[in-house]
Every structure is written in C-alpha cells, then in structure tokens.
Amino acid sequence: MRTSTAHDSALLPPTSTQLLAQHVAQGLSRTPKTLSSMYFYDDAGSRLFQQIMALPEYYPTRTEFALLTAHCEAIGKALRPQEADEPFFLLELGAGDGLKTKILLRHLLETGAQVTYVPVDISAAALDGLVASLQAELPDLPVEPVVADYADALALMAARPGRKAVLFLGSNIGNFLPDERLRFLRRLARPLTSDDRLLIGFDLQKDPRIIRAAYDDAQGVTASFNLNLLVRLNRELGADFDLGHWQHYTDYDPLDGAVRSFLVSTKAQTVNIAALQQSFEFAAWEVIHTENSYKFTRPILDNLAAQSDLQILEYFTDDKDYFVDAIFNV
Ligand code: AVI
C-alpha cells in the first residue's frame, strides 16, 4: 500500500479551493483590491443569477430570448451543416439554465438536425437542473454535459473532433477586460475550422440609465449576488467578512462602455482569512472591484473580429437594437 507524503501533494494539481485562496491572496494585495466575477458562481450565486435574469431591470436575457425566438430559423440555418443529416455538436459555454438555447435546440430537432448538445458550466447544480429539464422537454436530444470553467472548456473543444457550433450567449464576453477578451476569442477560434461556427451574444451600448439600472435593481438581488462572493469566502476559506459592513455599488461609464461593480467597506475594518493565515485591512469606503460588464458597439465588434482573425457572417438584433447575436467563422 502506498501512503501519501507532503512531497506527493506538491506534485498534485491545486484543488479549486487552493486556486480560490491563491486568487484571493493576490487580489486583496493589489491596489485597488480586486476579486474576479468568475467566483460569483457557486451554487447560491448561480441561483441568484437565475433571479437576476428574471428582474424587470435586467433587460439582456429577455432581449436575447426575444431575438433568438424571432430569428431562430435563420440562426439555426447559419449554425448547422449544409448537409441536413451531418452530425454536429452544439457546444455552449456557460450554459446556465439553457432557457434561450432551448429555442434553438427545439427548432433544430424539429427540422431534423443531427445535433448533440454539449452544455458546459462551472456550476454542477445548474447543469443537473438543465439536463433534467432537457430530458423532460426534449427527450430525443443527445446531451453530454461538462462541468468546467472556460479554460478547461476550451481545451475540451480543441480535443473534440467533428463539426461544431459554439455558443457563447448572454454577453458573458462582456465580463472580460478588453485584452482578456481578445486573448479568449483567439483561443476560442484556434481549434475551429472553416466549417465550424461561433455565435456570441453582445450587449450593446444604449441609454446609460437603462444600463446602470440593470446592475442596481430595486429588489437588491444584484446586491445579494455581489455580496455572495464574501459569503463564499467565509465558507470556503474561513474568512470573517461581516456582511453588515459591506455594500454593493455599481456604475456605468459611457466613455468606455463598462459597468463596474464593487463591494464597499462601510467602515475601517480588518478581515482574517484562515485558509491564508493572513489579515487584510480595509479603510472606510475602500472598495473591492468585483466585476466588469462591457457594452459594445458595432465598430468594436468589427475590430474584435479583425484582431482575432474571425469573420462576422451575420448579425441578428432585436427591434430596439439593445443586443446583438453575431455569427462568426474562421
Ligand atoms: C453573466 N454576465 C453576463 C452578467 C452580466 O450582465 O455581466 C453577470 C451579472 N452581473 C450582475 N448582473 C448580472
């Protein structure tokens, strides 16, 4: 029998808790302090995000849903192989509850497409819910769920032979900083061939008040979503953030098209994080920057495509021009 030693553990890949701890140690040592919105999505965070998507102020989900409903035939045609019986994968990054994708999946099945759906999400609970609902609503659809973050999903995509249509809906791309966005898109494009397709949802720049309200809803669900990050650090890293002394704050900057969200320390305080054996000082009204949500224009999209060697085949938009689903190929 083999027993593990300290030396062995140095050879093992870091666990997700170790990665979170590393991220927090680095992020809270920066000026300004930052934490990545990637860590919003534990199971509670994923549930809160489901609630956000149904809020009256949060227009992106509703708008993209309407857009996909109105254009599902043309979008289906643009994504599927020309030969009706050729099998293909519809791989979705950040699938969540798949509500919007079901419009497309239903249409593809009804028109005889040989599609296998590969939903990828960081939340196992969200994927379990999605798979159960697909079994009930679209029992003939082959589904191969994958619990993974974007980096692992990209590796999985590269390793998977066969024709692919990749979906990245919901303006998830807006959560990357501009240089990260370009790097991500280039990596996404790398394993694709000219037969494959990529559909990305982009939230467009519009009345700044409408955008700001979407991230500061009257019921406070977005505030709970942001604050849940601290709840997660308390639970997973043994931190002692006192939720009574933190606030959600968000603002939209129309100059660069970014919504920035923050957690604000409402008093001078010290937070201990047991997993790091470290304490962090916060001044009164100091912030932790937790999220960027960029909003786009068509020139930005054209530029992005050109810089990542992608061609925009088609744009689909809604009647208010709030949101675009763009179809790319390499
Ligand atoms: C997932 N992502 C596209 C959402 C957004 O709009 O940036 C996350 C979100 N954050 C606050 N509200 C919604």
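1. Accessible areas here come from the Shrake-Rupley method with a 1.4 Å probe. By that reckoning the protein, which is a predicted model, exposes about 15,500 Å², and carbon and sulfur atoms supply 53% of this area.

2. On overall dimensions, the C-alpha trace spans about 65 × 60 × 40 Å along its principal axes. A compact globule of 330 residues would have a radius of gyration near 20 Å, and because the protein has 21 Å, the value agrees with that expectation.

3. As for secondary structure, the protein contains 11 helices and 13 strands. Among the contacts between residues with a separation of 6 or more, 71% join residues that lie 24 or more positions apart in the chain.

4. Turning to burial, 50% of the 330 residues count as buried, where buried means under 20% relative accessible area.

5. Helix α3, which covers residues 43-53, offers a local example of burial, since its buried residues are Gly45, Ser46, Leu48, Phe49, Ile52 and Met53. These residues lie on the same side of α3, because they cover an arc of only 160° around the axis. What do the buried residues of α3 pack against? Their partners are α4, residues 59-79, and α10, residues 221-237.

6. Finally, on charge, the protein carries 29 positive and 43 negative charges, and the mean positions of these two sets are 2 Å apart.

Notes. Residues numbered from 1 in each chain as written. Predicted model: local features only at pLDDT ≥ 70, side-chain atom pairs only at ≥ 80, totals over all residues. Heavy atoms only, no water. Helix = DSSP H or I, 4+ residues; strand = E, 2+ residues; numbered from the N terminus. Rg over C-alpha atoms; globule rule 2.2 N^0.38 Å. Buried < 20%, exposed > 50% of the residue type's maximum accessible area, 1.4 Å probe, protein only. Contact = heavy atoms within 4.5 Å. Lys, Arg positive; Asp, Glu negative; His and termini not counted. Charge placed at Lys NZ, Arg CZ, Asp CG, Glu CD. Arc of directions from axis to C-beta.
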